[in-house]
Amino acid sequence: MAALHSSDARRAVELALAAWGPEIEAFLSAVMGDRGAGAELFAEACADVMAGMSTFQGKSSFRCWFYAVARNAARRAMRDGYRRKRAHDADLGVFEQPLRSVTPRFVATDWKRRLHELREALPPDERALLILRVDRAMDWHEISHVMAEEGADVSPAALRKRFERVKARLKALATEDGWFSE
Amino acid sequence: MTLTDDPAWEGLLRGIAAASVPSAGPPGEPPFPVGHSLGRFELRGLLGAGGFGVVYRAHDTVLGRDVALKLPWRRGAQASRGFLDEARTVAALTDPHLVSVYDVGEVDGFPFIALELVQGRSLRARLTSGPMRANEARPILLGVARALRAVHARGWVHLDVKPDNVIVADDGSVKLLDFGLAHPTGRASNVGGTPSYAPPEATTLTPRDARFDTFAFGVLGQELLLGVRAPRPAAELGRSGAVGAVIRQCLAANPSDRPASGAVLVQALEHRPRPAMGLVVAGLVLALALVGSGWLVQGRALPPARQHLRLTAQRVDRPIHAAAISRDGRVVLSADTRGLWRFDVEAPTRLGLVTLPEPGEVGTVRARADGAWAVSTHDGGTVLWLVDADGEHATVVSRGAFRMGDLGPDGAVLELDDTRLTVRRAGADVVRAASGKEVLLYATFSDDGRLLVIASQRLQRSGWLRCLEVASATDLDVRWTHCAERLTQPWMPVVASWHPEGLAWVETEAAGAGSGVAIHLQPLSSDGRASGARRRLDGIDEETVSGLSIGQAGELLTLRHEVKRTTELLAGTTLQPASVEDFDERPSAWSEAGTLWRTQSRARIPTVLGTTRDGGLRQLPLSGWLSSATPVDGDVLVWTTRGNLDGGASIWELVRLSEDGGREPYLLPGVLEEAVSLSRSVPPRAEVSCAHEREPCVLGWPAEQYEFYALERRAPPRLLFSVPDLRERYGKWRMSARGTVLLADGRGALRELDLSGRELATWGVDDLEAILAVGTRDDDVLVSGPARGVDRFRLVRLQPDGGRAALLDDALKAVTDIVDGPDGGLALGVRVIDTDLWLSRASAHP
């Protein structure tokens, strides 16, 4: 990743995009619960990474920093009423997904949909925590960096406690949904 | 890493964390069978289906036409903006080579898009019979290029150009479809379109621009010519002559080597290029060559490509009303009814809403040299705000009864009213009062705060004159002056910007010189005196420019937020385009004797023009600005305003002009017993309408309430009735042929009143957001306005029995004048109204 240390920000972002783009876009889609929103925010996050390359100080891994930037983009979108805007659009008429990224029916099985719906039952912050810890296998310090609010890190201990609560809640939901009787 | 000691639960937990977000709707059975009636649509056939949903051939039983009806797979769940985005994108584009959106809405819980139904077959289907000869492919490619020209000109990139999305209609015309992936130009994206048509940069994060589409166009073209789908030019292209050369250029791996837009493609394909002398490369004559950023076509260098960037997608009833570009050309600050927005020009993306701590309507926005902004808001009084460069903080600089303000680098505050300019410094204010016939329009500090540019307007016998002055900011001593009648138009703000060499400003080109403005530069010395000859920097084919800035590389950046480029006059029973003397003409009345009266304001002397039945032209010159002309008993009643239309001193009058040059004033209502008055800050928007060209006519007069008077020559006006709410922007009224008043109150309701104000009927116009014009045709009522829910303008004919028909439907063209004529004729004034904010950028000229 020599480009990261050079002044060629665009090249660096392209490399980062190739390495971690898909997982970060999927992360954003999951946090927002919507692929269109995820793709849009991912574009924003990439632009933010490019704009903010000079501020990357190497205190965390570049991947972790990319996640933090993406997380900020999601937080900003939610704060700016992205949800409200979408709800408003829905009032105008409920519009379905166009051509982009359509999963064929045989892939989007009921099983996957039900897993997705369980995750959707969590608030966006907890979805982010779950994905970062379980699927992205980040350590607590990295997660604390990604989940930091306005530059102030959240303590790893607090995150760990919160994760326990998320697990308990998910287990209750899964039980209610009949997963453990199947 | 173990998450839990229960393996089943751990597996499930990992599954939940890793689950992908399902996409919108799995394709399956179409939601309705053919033959089903869905609201006003009868579904008559299935045209296609895909990930986006289903397209039916349907019949619109209300408007009586066949449409292509696009529906999602399912109602309700997983609302996606994409469907709506696509509709908005296409609805904003109008071109014969693009499929038109007729309507967008919801029926039985299903969102729908009703599209023009094109009879024909896709280019993909055509390709099954093998490749085409160049002369067969050329008209198809030209059609696609023209469609792309329309898309790119509106600031969009299609991103999915391929044979499947091109339809060759039965009449041979070519239409581009499917805007599901379209993006605003210049926005970074990971959308790559269909892989086999995507350029190499599709896999990288680069802003998507028109060259993405010109590459796909190249792949499509090569497939047409050679039957080969490949992302690089094949040697056989050389046998396809000039068309092959264009396709080869499109397939360049480096975006900067490709044609820059659909417009360039059209030019290249329309003008069969001749080989340039001596330019022979490896046996292939390259007739197209890039010279700088311009193309050589037929040996003629095209002007450097001016880049047009669309920054917003505003609803037509929610226009931008003030905007400015930062001095480095990177950020735009604009105001609409929702607030003050910052845009990153390079991205381009909306950076966010700037929150001002107090309510108020933004009047002016000015960019300062230090990156901050001076913003004036009005809410009773005026507040001058200093908004910092990142839009986070706004502080009050000054409060008072002024119109606009500015803050100098040394803390000096400038306050400008119509008649007074004050520069406040600690302990010493300097004031300039306007002379008797002068109105002050605009003033700002230079970057170093030592100079001011002041714009004013002076009333003269022949009309008014606008002037720019450069003065010392300490004693207001004038160092340089430039006055011109065409120093912008009354509907256009004064647009000037400090330039590294002096002062640059925008000036309207003379009438008849085409639609457009020129940017001029006056070199100035450091003390503000002229230091060289004035020169013209650039000309822009736009009538309205609202902001000007000089970018860091010396490039000219102009901003506009409303186009008033063209008036089309459609007349006759079949609404054919009528010839006009100049593009700003508006039809005003069509007398029973057959004279069609139009008003024209851009000429040096504003004129009422009448074209008689035999083609003769009658001209009634006037001073001032015209709002309407109404025939009465063989004469014409004209409402005119002289002075300043934007505020300040103005003189208005209602005069009766006769063909022999006679001119007789009418008495006006209320406190204004004189026919000519000089007072209010904004001229009243009065209207006159006469039934059957006979007195008494009716005068609509904006007082505390909107008052209607019976108006007769030499008699005082007689109050008929008044209505409380006729809003300035959308309130419209008109007399019908049966002597009633048709009143659109600005909230979308249309009422018919008799002359005592009694309501006789209401007309349903729920499908319009607002009413821009009202007219009558026999017993029917014609109304025009932006359609509700879809960014298009419509002209609708309403019948007393509730029947209705759409006469015109267009994304940009709004009918602003409806004039009923004799013999079944109708004259319509059509304006191109673009409420979006556009930035145009051209490289610095020598």
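Two rings of Phe, Tyr or Trp (for Trp, the six-membered ring) count as a pair if their centres lie within 6.5 Å. Keep that in mind as you start the tour, and remember that the model in your viewer is predicted.

**Stop 1: the aromatic pairs**

Across all chains, a search of the whole structure turns up ten aromatic pairs. Select B:Phe41 and B:Phe112 and show their side chains. How are the planes of these two rings arranged? They are edge-to-face, because the planes stand at 70° and an angle over 60 degrees earns that label. The ring centres are 5.1 Å apart.

Now colour chain B by strand. B:Phe41 belongs to strand S2 (residues 41-50), while B:Phe112 is part of strand S6 (residues 110-116). The pair therefore links distant parts of the chain, with the two positions 71 residues apart. Switch on a surface next: are B:Phe41 and B:Phe112 buried or exposed? B:Phe41 is buried at 1% relative accessibility, and B:Phe112 is buried too, at 3%.

Before leaving the aromatics, move over to chain A and select A:Phe42, A:Phe62, A:Trp65 and A:Phe66, which together form one aromatic cluster.

**Stop 2: chain B as a whole**

Zoom out to chain B. Its secondary structure comprises seven helices and 67 strands. Of its 846 residues, 58% are buried. The accessible surface of chain B comes to about 33000 Å², and carbon and sulfur atoms hold 50% of that area. Among contacts in chain B with a separation of 6 or more, 47% are between residues 24 or more positions apart.

**Stop 3: B:Ser591**

Select B:Ser591, in the loop between strand S44 (586-590) and strand S45 (596-600) of chain B. Although B:Ser591 sits in a loop, it counts as buried because its relative accessibility is 6% and the limit is under 20%. Leaving out residues up to four places away in sequence, B:Ser591 touches B:Trp597, B:Pro631, B:Glu693 and B:Pro822.

**Stop 4: B:Thr630**

Keep B:Trp597 displayed and add B:Thr630, a residue of strand S48 (residues 625-632). B:Thr630 and B:Trp597 are 33 residues apart in sequence, and their C-alpha atoms are 8.1 Å apart. B:Thr630 is buried, with a relative accessibility of 8%.

Which backbone oxygen does the side chain of B:Thr630 reach? Draw a distance to B:Val688: its backbone oxygen is reached at 3.3 Å. Beyond neighbours within four places in sequence, the contacts of B:Thr630 also include B:Ala589, B:Asp635, B:Leu637 and B:Cys690.

Notes. Residues numbered from 1 in each chain as written. Chains lettered and ligands numbered in written order. Predicted model: local features only at pLDDT ≥ 70, side-chain atom pairs only at ≥ 80, totals over all residues. Heavy atoms only, no water. Phe/Tyr/Trp six-rings, centres within 6.5 Å; stacked < 30°, edge-to-face > 60°. Helix = DSSP H or I, 4+ residues; strand = E, 2+ residues; numbered from the N terminus. Buried < 20%, exposed > 50% of the residue type's maximum accessible area, 1.4 Å probe, protein only. Contact = heavy atoms within 4.5 Å. Areas by Shrake-Rupley, 256 points an atom, 1.4 Å probe, with all protein chains shown as cover. Polar contact = N/O pair within 3.5 Å; in protein donor to acceptor, adjacent residues only side chain to side chain.
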